[in-house]
Amino acid sequence: MDILYQVGNLVVDQPMRHRGRQPRNNNTAQNLIQENRRQIGERSPVLQDCVATRIEAYEVVGRLMSTFGNQRRHGESIGFQNLICILKCLGNDTHAGVQPALRQTARRFVEVYQLDAQTIVMEYQQARKLMDSLLLPLLNAATSTSDSAREFSVAVAAHVLGQLDPLPAKYLCQFMTRDPVDSVAKLARVSLKKLNGLAPDLARPVNVTYINLSLDSDVQALKQEMENRTAIVACSMDVSSDVAFSLLSKEQFAVAQTISAMQNDFDTYIRDCGVYNRLTKGSNFCNGTDSKEHFCEICYENVSGSQVFALACQHYFCKECWGEAITTAFGDGESTMTSLKCPRHQCPERLTRADLEVLAPNFLEKWNNAAIKEFVLKSSDHSFCPGADCTVVANIASDVTKNYPASCGLCGTSFCFQCGKSPHRPATCDIIKRYEAIMQEFSELEHIMKECPACFVRIQKNGGCNHMTCTHCGHEFCWVCLSPNWSDHSCNIFQELEQQDDANRRARFFSHRVNAHRMSERFAREGIKQLDDTIEDLARKIYVEDEEEAYQCIENGLTVLADARNFLLNSYIAAFGLNRDNVYKHEFETHQAQVELLTERLSQLTESLEGESFKAGEEKVFQARLKSILLTSGALSLYIRRVDLFMSSFMS
């Protein structure tokens, strides 16, 4: 099928003289190309010659595809280069005289691919990157001004991409159900019904709720949740609610884990919780009702029984000394209030709320507040917002990965639910900590300025897109790896070498990519701040029918872009923490490359709005650009969610 790709190049190069590469050992293609050259010669062809040549080329491509589809051996690969070529032709070649032949050729392509879905799946397993190269041309065709291109994109999504990766195929068809052309929208609806069974919906995003401790109603709700948990443990283990609080505190207030730990080793667990004597010897040994004198081990005086208090550990202290010990503990801060123990040296017996009611009832309110704070700090499904002086507590389901990003609605702080740092999914908190320690030795300067690999002039990056063009020599290259091969470019996989300096080389590899995406994220967020000026500038050049709609579309695109950059930089940190023999490593790198591919595409779409001058009358071009931003943003968000779920499944 290499011949189809070669003939496709011939089509794309029209109407200028043919510059395509020679096909390998195929007389039919050779004759076609030679005849085309003979007819065109060295002159600039007239329009009629160009149209006729393109029609002939499309017809030949269609016949060759049909012939190959009927005669190929089982398992023989078709190749996606041909589909990509036809997608580009449908979007670019909009001449009315050419469209019938082009549509007929496109239908033949779909028929052949549809006949042998097994070959497509087998080819996909062997060449995932080839499928990635299909994704962007498919998105471009779906937002083309050509009705034929959009219709063909739906057909390819349903019959080709749907066999390889049903999730993005389903998303694209869902997007196309809103197409203004009825035939395209109808085809999308029919295709969507077929894809629904192949692509199950992704799990819904984790629901994070927020509690404001400055509101009495929220405090009462949080207190009620804490009391409900203590009541369950108290009832299950036949203990008081005060003892249940101490038992839960050791297991992060997780009810099931607390009960299980007590059942596994009852004596050890209650000893560690400071309630061993209370549960084995009964309640307090002396609570001030005894008439007998006792010796206070703090002031070394004999004190009457009514002025003495002892916990179940039987260590006696006068109430005055108890009061001083409690006052000192409460003065040290809330963190020590609920963990106050017997004043005897190294005695683990714990003071409970009931004891406090007898010894220092004036501290009960502070103790209650401290208990709520301890519940939030230790509970694995609650987390304080790290914002300055913020009183908000985030709450998350107990059965989800805890390094989930949270965003406070009160102070606007975004943070990792587990560690309180900036959100860093899909990297775990431990990997972030290790990465930060290792990367301290690397300078930030080398990530801001680099030498052009062609002319060696120092270049400073001033945009988010990693596709660089040297202003001195015009050389195009990738900012991350300096490769000149930008088309369908991917450089997310580290090549392991058995060298002594491989650890440093590996750290530098990931450091470069983390900092490149961090810088690009900063540019995207700056673009959001400058969006008013961008829309105003566009409105001066062309007629923007709905400025508010355009604003929302671009703002959403830039927000998705910034979030994608943040996700990618943390995905490289996560990759840095993976062992080279990790069984999920290759699949993760494949997913990561897909997200990076879409991110760079969205970056190009949004940044081009700032520097591109739309001419008067190009409103349709501008609307098509907005549609591309909308479609690509949605696809990128979908891919990020899928990678996030995949990473959570094996890194948690």
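## Exercises on a predicted model

Three bridges join β6 to strand β7 (residues 392-395), and the two run antiparallel. Keep in mind that this model is predicted.

**Exercise 1.** Work out the strand order of the open three-stranded sheet, and find which strands stand at its edges.

*Solution.* Start with the pair you just met: in β7, Ala-394 is the bridge partner of Ser-383. Now add the remaining strand, and the order reads β1-β7-β6, with antiparallel pairing. β1 (209-212) and β6 (382-384) each have a single partner strand, so they stand at the edges, and one side of each has no neighbour in the sheet. Next, look at what packs on the sheet. Helix α11 touches β1 and β6, and its direction makes about 110 degrees with that of β1. Helix α18 (residues 364-378) touches β6 and β7, at about 105 degrees to the direction of β6.

**Exercise 2.** How do the axes of α11 (residues 216-237) and α12 (residues 241-250) cross?

*Solution.* Their axes come within 8 Å and cross at roughly 100 degrees. Angles of 65 to 115 degrees count as roughly perpendicular, so α11 is roughly perpendicular to α12. Now check who touches: the contact residues include Met-226 and Val-233 of α11, and Phe-245 and Leu-248 of α12. Sorted by type, the contact has seven nonpolar residues, two polar and one charged.

**Exercise 3.** Why is Cys-419 not bonded to Cys-416?

*Solution.* A disulfide needs two cysteine sulfurs within 2.5 Å. The sulfur of Cys-419 is 3.7 Å from that of Cys-416, its closest cysteine sulfur, so that's too far for a bond. The disulfide count comes to zero.

Conventions:
Residues numbered from 1 in each chain as written. Predicted model: local features only at pLDDT ≥ 70, side-chain atom pairs only at ≥ 80, totals over all residues. Heavy atoms only, no water. Axes fitted to C-alpha atoms, helices over the stretch in contact; angles between N-to-C directions. Helix = DSSP H or I, 4+ residues; strand = E, 2+ residues; numbered from the N terminus. Parallel < 35°, antiparallel > 145°, perpendicular 65-115°, else oblique. Contact = heavy atoms within 4.5 Å. Nonpolar A, V, L, I, M, F, W, Y, C, P; charged D, E, K, R; others polar. Pairing = 2+ DSSP bridges.
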